[in-house]
Amino acid sequence: MQDVNVKGAGRRGRSGVVIAVLKGLIVLFEMICLWGQFAVVVMSSDVVALYPELAPARWPYAIAGILGIACFEVALIPLWQLLTLAKRRDVFSGKAVTRTDAIIGCALAEAALVLFVLFYGSLAHSEYYDPAQGVSVDIAMGAAAMSIACIVALLLIAAFVLVMIVMRSLLRDAIAQRDELAEVI
């Protein structure tokens with residue numbers, strides 16, 4: 001009997017270390033995201049300096065980049081809360097389901113931003129006067145590689161959302177079974 005308690009205490013200690021490491025990674029990701037939001041604005045300025053014909057697309061892309069990073073940052077908050085629930089051994093509660101819903105909502109907002117970038121890049125055009133050739137050139141605001149990257153990102157986000165929906169349904173089933181077991185006992 002005592003041997004079982006020692007094993008359970010060891011698992012709890014290890015899970016506490018894992019949760020602490022994961023929370024440390026969340027803090028690191030948050031710092032990287034804050035730097036990334038600043039870098040998006042700086043890089044958009046650099047791109048416009050190199051390719052002045054893309055100036056009309058600078059702010060739509062920069063704002064979409066900042067908001068995309070913000071969606072990830074916001075999703076880190078319910079993830080932190082889920083880790084706290086796991087540490088307290090309170091994962092099988094309605095609180096965990098709402099945190100999971102918040103993460104799904106952030107992923108869907110991210111998908112909407114990627115979709116905006118895909119459509120904006122595909123549909124937006126601008127005229128650029130090329131002084132070397134002496135003519136005006138119609139250019140698209142998005143490159144083919146960016147469109148492919150957006151489609152891949154949408155597929156990855158869709159897969160993530162589907163996995164989270166399955167996890168949420170498993171969590172709800174586990175909560176229901178726990179409640180039924182509590183009634184029986």
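1. Disulfides. In this predicted model, the structure holds 0 disulfides. For a first-year reader it helps to recall that a disulfide is a covalent bond joining the sulfur atoms of two cysteines. C71 shows why no such bond is counted there: its closest cysteine sulfur belongs to C106 and lies 6.2 Å away, which is too far for a bond, since a disulfide requires the two sulfur atoms to be within 2.5 Å. C71 is also buried, with a relative accessibility of 13%, and C150 is another buried cysteine, at 8%.

2. Overall make-up. The protein has 4 helices and 2 strands, and, read from the N terminus, these elements follow the order α-α-α-β-β-α. Of its 185 residues, 28% count as buried, while the exposed surface comes to about 12,000 Å², of which carbon and sulfur atoms supply 72%. Among the contacts with a separation of 6 or more, 72% are made by residues that stand 24 or more positions apart.

3. The nonpolar patch. Where on the chain does the nonpolar patch get the most of its residues? Helix α1, which covers residues 2-50, gives the most, with 8 residues, and V21 is placed in this helix. The whole patch measures about 760 Å² and is made by V17, V18, V21, L22, L25, L28, F29, I32 and F72. When looking at such a list, a student may keep in mind that an α-helix has 3.6 residues a turn, so residues three or four places apart point the same way.

4. Helix α2 and the residue after it. Helix α2 runs over residues 58-87, and its 30 residues reach 44 Å from the first C-alpha to the last, close to the 44 Å expected at 1.5 Å a residue. Its buried residues include A62, A64, G68 and C71, and also E73, L76, P78 and L82. After α2 comes R89, which is found in the loop between α2 and α3. R89 has a positive phi of about 60° although it is not a glycine, and, at 53% relative accessibility, R89 counts as exposed, because the cut-off for that class is over 50%.

5. Salt bridges. How many salt bridges does the model contain? The count comes to 2, and the general idea is that side chains of opposite charge can pair when their charged atoms come close. In one of them, the side chains of D90 and K95 meet at 3.7 Å, N to O; D90 is partly exposed, with a relative accessible area of 22%, and K95 is likewise partly exposed, at 39%. In the other, the side chains of D101 and R168 meet at 2.6 Å, N to O. This pair links distant parts of the chain, as D101 belongs to helix α3 and R168 to helix α4, 67 residues apart. D101 is partly exposed, with a relative accessible area of 28%.

6. A residue of helix α4. A153 is placed in helix α4, which spans residues 144-184. A153 and L115 are 38 residues apart in sequence, yet their C-alpha atoms are 9.4 Å apart in space. Is A153 buried or partly exposed? A153 counts as partly exposed, because its relative accessibility is 23% and the buried class ends under 20%.

Technical notes
Residues numbered from 1 in each chain as written. Predicted model: local features only at pLDDT ≥ 70, side-chain atom pairs only at ≥ 80, totals over all residues. Heavy atoms only, no water. Patch = residues over 30% accessible without salt bridge, like charges linked within 9 Å, V, L, I, M, F, W, Y side chains within 5 Å. Areas by Shrake-Rupley, 256 points an atom, 1.4 Å probe, with all protein chains shown as cover. Salt bridge = Lys/Arg side-chain N within 4 Å of Asp/Glu carboxyl O. Buried < 20%, exposed > 50% of the residue type's maximum accessible area, 1.4 Å probe, protein only. Contact = heavy atoms within 4.5 Å. Expected span 1.5 Å × (residues − 1).
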